[in-house]
Amino acid sequence: MLRAIVSSPLNLLLLAAPASWIVDIAAPGSPWIFVTAAVSLIPLAGLIGLGTEQLAIRSGPAWGGFLNATFGNAAELIIALVALRGGHVGLVKASITGSIVGNLLLVLGLSFFVGGLGRKTQKFHRTTATNTAAMLFLAVVALVMPAVFDLSLYGTLQARPTAIDHLSFWSAIVLIAAYAGSLVYSFSAHRDLFRPGADSTRPHLVMSTARAALLLAVGTLLTAIQAEILVAAMAPALARFAFTELFVGAIIVALIGNAAEHYSAVTAARRDEMTLAVEISVGSSAQIALFVAPALVLYSFAIGRPMSLLFNAFEITAIALSVLATSIVVVDGESNWVEGMQLLAVYLILALAFYFVPASG
């Protein structure tokens, strides 16, 4: 397991975890608690991914694909669960938006850009990418309908009728069912693409089942601890750095939760494994939209703090534009560095807009 930990330079950032504990004890209420906790979550997300990948290798194609699909965004889910339990609904919705937008524009854009440098074009499996993009359109529909419901009946996005909660609850169930159906189809129709280890970014690492399970358990436990510290220390950080919950959720939390996937996708693209890079970025966005977000809605109802799928107009627009941009660039099954630069430009514009949106209330 030690070899697995030292296999990635990102894991040097694990030192930020004990640093956050020391700062928390020495200077309670310091904004740097938030910073060190956030940094520590970057490698922890990677450890969860590595543990999942190694278990998947040992489980065979069917169960391996299921494990990858289920735990692929475990870090983001853990952070969101902690934040939701703390009553930070706006942060959770913003992190969902940021994860979808970040994977589609930042990760895919970086992959196209870095992979395309020195190459005229790169090719990837078009069918899988377009199918996943089509599934993302379903998520856009689910996010738009509560807003249309509110606007058409009440003329505002601020109304919170009970019907919105009911619509969100049942929409969440439909999204999870649709996602499960897409997994069944993908595992049967494109089994080679979901064979664990077939395109691993760490093909030289092979761990026993026990060590992989231990790594996954340790990574998950530490992620939960650091997520608790992050959420608890958020208020001083917002005041110190003049951030809003919208910006923290959409940009910062989304970035730290997806950093390990960003690294894997860009590394794969540089090796000209574009099918893998596209699958990581687009597939992760689909998982956030069709599984993580609905799961959070159902969890919120279970703990008695219902969270609806009623996002604000800005978040809905950002997601819709990201899905549209991705659908345009993946439809031909080819990519180049110019397309990557264009996606990165769209992400930068959206990130700036998130930063300049004033705090509500």
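User: Let me start with helix 2: which exposed residues does the face turned away from its buried side carry?

Analyst: Happy to help! In this predicted model, that face of helix 2 carries Ile22, Ile25 and Ala26, which are exposed.

User: And which residues of helix 2 are buried?

Analyst: Helix 2 spans residues 16–26, and its buried residues are Ala16, Ala17 and Ser20. Looking down the axis of helix 2, you would find these buried residues within an arc of 110 degrees, so they line one face of the helix.

User: Let me pick Ser20. What is its relative accessible area?

Analyst: The value for Ser20 is 0%. Buried means under 20% relative accessible area, so Ser20 counts as buried.

User: Which residues does Ser20 touch, leaving out those up to four places away in sequence?

Analyst: Ser20 touches Ile33, Thr36, Ala37, Gln226 and Ile229. Take Thr36: this residue is 16 residues from Ser20 along the chain, and their C-alpha atoms are separated by 5.1 Å.

User: Now to pairs of helices. How are two packed helices described?

Analyst: Two packed helices are described by the angle between their axes and the distance between the axes. Try helix 7 (residues 126–154) with helix 13 (residues 313–330): they pack at about 160 degrees, and their axes are 10 Å apart. An angle over 145 degrees counts as roughly antiparallel, and helix 7 and helix 13 are therefore roughly antiparallel to each other. The crossing of helix 7 past helix 13 is left-handed.

User: Which residues make that contact?

Analyst: On the helix 7 side they include Leu136, Phe137, Val140 and Leu143, and on the helix 13 side Ile316, Ile319 and Val323 are among them. By class, the contact of helix 7 with helix 13 has 13 nonpolar, two polar and one charged residues.

User: What angle do helix 11 and helix 14 make?

Analyst: Helix 11 (residues 245–270) and helix 14 (residues 337–356) pack at about 135 degrees, with axes 7 Å apart. That makes helix 11 oblique to helix 14. Here Leu246, Phe247, Ala250, Ile251 and Leu255 of helix 11 meet Tyr347, Ala351, Phe354 and Tyr355 of helix 14. The contact of helix 11 with helix 14 has nine nonpolar residues, no polar and no charged ones.

User: Finally, the whole chain: how many helices and strands does the chain have?

Analyst: The chain has 14 helices and two strands. Of its 361 residues, 51% are buried. Among contacts in the chain with a separation of 6 or more, 84% come from residues 24 or more positions apart.

Technical notes:
Residues are numbered from 1 along each chain as its sequence is written. This is a predicted model: local features need pLDDT of at least 70, side-chain atom pairs count only at pLDDT 80 or more; totals for chains, interfaces and linings use all residues. Side-chain values use heavy atoms; hydrogens and water are left out. Buried means under 20% relative accessible area, exposed over 50%, partly exposed in between (1.4 Å probe, protein chains only). Helices (H or I, at least four residues) and strands (E, at least two) are DSSP runs, numbered from the N terminus. The arc is that of the directions from the helix axis to the C-beta atoms. Axes are lines fitted to C-alpha atoms, for helices over the stretch in contact, and angles run from 0 to 180 degrees between N-to-C directions. Angles under 35 degrees count as roughly parallel, over 145 as roughly antiparallel, 65 to 115 as roughly perpendicular and the rest as oblique. A crossing is left-handed if the near helix is turned anticlockwise from the far one by less than a right angle, and right-handed if clockwise. Contact means heavy atoms within 4.5 Å. Ala, Val, Leu, Ile, Met, Phe, Trp, Tyr, Cys and Pro count as nonpolar, Asp, Glu, Lys and Arg as charged, and the others, Gly among them, as polar.
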